[in-house]
Amino acid sequence: MKAKAEIMDADQIRRAVTRIAHEIVEANKGIEDVRLVGIRTRGVPLARRMAAKIEEIEGAACPVGVLDITLYRDDLTTIAQQPVVHKTEIPFSVEDKVIVLVDDVLYTGRTARAALDALIDLGRPRRIQLAVLVDRGHRELPIRADFVGKNVPTSREEVVRVDLVEVDGVDRVSILSR
Amino acid sequence: MSLRHKDLLSLAQLSREEIELVLDTAEACKQIFDRPVKKFPTLRGKVVVNLFYEASTRTRTSFELAGKWMSADVVNFTASTSSVMKGESLSDTAKTLEALGADIIVIRHRSPGAAHLVARAVRSRVINAGDGAHEHPTQALLDLFTIREKKGRLDGLTVTIVGDILHSRVARSQIIGLSRMGARVRVAGPPTLIPAGLEQRGVEVYHRLEPAIDGADVINVLRIQRERQAKGLFPSIREYVRLYGLTRERLAAAKEDVLVMHPGPANLGVEIAQDVVEDPRSAVREQVTNGVAVRMALLYLMSGGDARELQSAG
């Protein structure tokens with residue numbers, strides 16, 4: 001796996017997060033019933049950053065939850081190594097709320113599908129929206145994002161790698177080729 | 001990461017890291033108790049068979065719920081109502097279940113080694129739910145889970161197991177698991193109910209209860225199996241109660257934050273008093289809840305990949 005190009009640096013990531021935060025507030029006409037839910041692993045720090053921005057903009061806190069989708073994956077019987085299951089930590093009721101799912105990369109759509117199922121098992125949100133830092137195309141399911149940091153045309157042979165300070169010690173989005 | 005074993009027959013198979021993986025996974029699975037929809041889609045299409053040759057309420061129900069909450073199809077196969085009565089052998093029965101598509105066979109049998117026999121006979125994955133006086137690894141795992149949950153760790157704790165150590169599959173599995181996780185193990189009971197050679201495995205042996213629970217972080221009380229009394233292994237139930245019964249008075253001499261456990265079913269007023277079971281320091285009820293979480297974790301961790309690639313320990 002070798003690095004081909006850096007497509008976002010720390011400043012670009014910061015600006016994208018800021019813009020998405022504004023869009024979330026605008027699209028929902030405020031944040032009264034809005035709750036952010038980050039998909040493990042890198043959706044979680046992104047959701048926290050968006051929540052901090054929203055608080056700056058609106059002057060009110062926007063609660064953040066953490067969703068682990070491992071038990072909802074559709075490939076568990078075909079992969080050799082079982083992925084490690086982590087806790088889902090959603091400290092609020094999703095009932096009748098506008099839930100914004102947050103993830104780092106939107107690719108096949110299978111993670112988003114699993115996240116939708118996992119979320120709906122927790123209650124009945126009024127609406128679910130999807131926010132991603134990078135949309136790289138190649139959907140295998142009829143799923144689209146409501147808020148996108150950057151659209152990146154890729155080939156299937158490439159890998160989009162998102163590094164975030166909270167997890168990886170650096171903010172960077174890069175394309176790697178096999 | 002998953003468990004690189006075809007079967008779970010003995011706790012001795014699992015490394016410290018694997019035990020930690022099971023406990024961490026169980027922690028996530030336990031969240032199901034707080035949810036409106038008690039169902040994960042994880043094991044859709046998998047078949048789990050409970051093959052029980054011995055009476056059991058909580059272990060069988062626990063495996064059944066664990067399987068159902070993970071969306072597996074669970075079939076209960078009870079020996080008294082099956083072709084076992086018509087003389088079918090254990091490995092024949094297991095092969096029949098395999099032919100019916102069993103992905104995981106959970107077996108409880110009165111003979112030590114029964115789970116090993118089944119594991120060798122079939123490609124299905126096998127979980128030992130108690131084989132005679134030999135082992136009961138899933139009970140020990142749920143006890144480890146309960147201790148870790150309440151105490152925050154296992155390493156460095158002192159755990160006292162009280163009662164019939166000789167005939168207890170729970171005690172055997174617990175001693176293996178606790179030692180592996182770095183806990184100090186004490187056992188207490190009449191000399192006739194303590195197997196020889198435990199000291200060589202680093203276990204401290206006591207024949208009086210008071211010094212055994214002094215300073216212990218956990219007291220784990222075993223069920224006294226009344227049928228043993230007929231064999232003259234101890235003089236009378238009354239004497240046993242007087243010497244080893246865990247009462248509120250005896251508990252007063254233990255550490256203030258001691259954790260009391262019992263694998264169930266308890267003979268109330270014999271090895272443990274009713275008010276001790278209901279004491280806030282007792283986790284007896286919660287052990288049952290934790291049992292479902294630990295078994296969900298095991299079913300998940302033992303469902304991945306291709307079982308044919310994994311070595312059977314049977």
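# Exercises on a predicted two-chain model

In this predicted model, the count comes to three cavities of 30 Å³ or more. The exercises below begin with the largest of them and go on to the pockets, chain A and single residues.

## Exercise 1: the largest cavity

Task: find what volume the largest cavity has, which residues are closest to its centre, and which element gives the largest share of the lining.

Solution.
- Step 1. The volume of the largest cavity is about 90 Å³.
- Step 2. Its lining holds 13 residues, and B:Arg58, B:Gln139, B:Pro263, B:Gln287 and B:Val288 are the closest to the centre.
- Step 3. In chain B, H2, helix H5 (137-151) and helix H12 (284-301) each contribute at least two lining residues. H12(B) has the largest share, with five residues.
- Step 4. Sorted by class, the lining of this cavity has four nonpolar, seven polar and two charged residues.

## Exercise 2: the two pockets

Task: describe the largest pocket by its volume, its central residues and the classes of its lining, then do so for the second largest pocket.

Solution.
- Step 1. The largest pocket contains about 900 Å³ of space. It is lined by 37 residues, with A:Arg73, A:Asp103, A:Asp104, A:Val105 and A:Thr111 closest to the centre.
- Step 2. Two or more lining residues come from each of these elements of chain A: strand E4 (98-106), helix H3 (110-120), strand E5 (127-135) and strand E7 (158-163).
- Step 3. The lining of the largest pocket splits into 15 nonpolar, seven polar and 15 charged residues.
- Step 4. The second largest pocket contains about 530 Å³. Of its 23 lining residues, B:Arg108, B:Arg169, B:Arg223, B:Gly264 and B:Pro265 are closest to the centre.
- Step 5. Helix H2 (58-69), helix H6 (169-180) and helix H8 (226-229) of chain B each give this lining at least two residues. By class, the lining of the second largest pocket has six nonpolar, ten polar and seven charged residues.

## Exercise 3: the build of chain A

Task: state which order the elements of chain A follow, and work out whether its radius of gyration agrees or disagrees with that of a compact globule.

Solution.
- Step 1. Chain A has four helices and eight strands. Read from the N terminus, the order is β-α-β-α-β-β-α-β-β-β-α-β.
- Step 2. A compact globule of 178 residues would have a radius of gyration near 16 Å; the value for chain A is 16 Å, so the two agree.
- Step 3. The C-alpha trace of chain A spans about 45 × 40 × 30 Å along its principal axes.
- Step 4. Of the 178 residues in chain A, 52% are buried. Among contacts in chain A with a separation of 6 or more, 69% are between residues 24 or more positions apart.

## Exercise 4: three residues

Task: decide for B:Asn50, B:His136 and A:Asp168 whether each is buried or partly exposed, and list the contacts.

Solution.
- Step 1. The cut-off for buried is under 20% relative accessible area.
- Step 2. B:Asn50 is in strand E1 (residues 47-52) of chain B. Its relative accessibility is 0%, so B:Asn50 is buried. Beyond residues up to four places away in sequence, B:Asn50 touches B:Arg60, B:Phe63, B:Glu64, B:Val74, B:Val75, B:Asn76, B:Phe77 and B:Val106. One of these, B:Asn76, is 26 residues apart from B:Asn50 along the chain, with 4.8 Å between the C-alpha atoms.
- Step 3. B:His136 is in the loop between E4 and H5 of chain B. Its relative accessibility is 3%, so B:His136 is also buried. Neighbours within four places aside, its contacts are B:Thr59, B:Arg108, B:Ala129, B:Gly130, B:Arg169, B:Val170, B:Ser173 and B:Arg295.
- Step 4. A:Asp168 is in helix H4 (residues 165-168) of chain A. With a relative accessible area of 27%, A:Asp168 is partly exposed. Neighbours within four places aside, A:Asp168 is in contact with A:Arg42, A:Val162 and A:Asp163. A:Arg42 is 126 residues apart from A:Asp168 along the chain, and their C-alpha atoms are separated by 9.5 Å.

## Exercise 5: a helix of chain B

Task: name which residues of helix H4 (residues 114-121) of chain B are buried, and what they pack against.

Solution.
- Step 1. The buried residues of this helix are B:Ala114, B:Ala115, B:His116, B:Val118 and B:Ala119.
- Step 2. They pack against helix H3 (90-99), strand E3 (104-109) and strand E4 (125-131) of chain B.

How values were computed
Residues numbered from 1 in each chain as written. Chains lettered and ligands numbered in written order. Predicted model: local features only at pLDDT ≥ 70, side-chain atom pairs only at ≥ 80, totals over all residues. Heavy atoms only, no water. 1 Å grid on protein atoms, 1.4 Å probe; cavity = no way out; pocket = protein on both sides within 12 Å on 5 of 7 lines; lining within 4 Å. Points joined across faces, edges and corners; volume = space filled by probe spheres on them. Nonpolar A, V, L, I, M, F, W, Y, C, P; charged D, E, K, R; others polar. Rg over C-alpha atoms; globule rule 2.2 N^0.38 Å. Buried < 20%, exposed > 50% of the residue type's maximum accessible area, 1.4 Å probe, protein only. Contact = heavy atoms within 4.5 Å.
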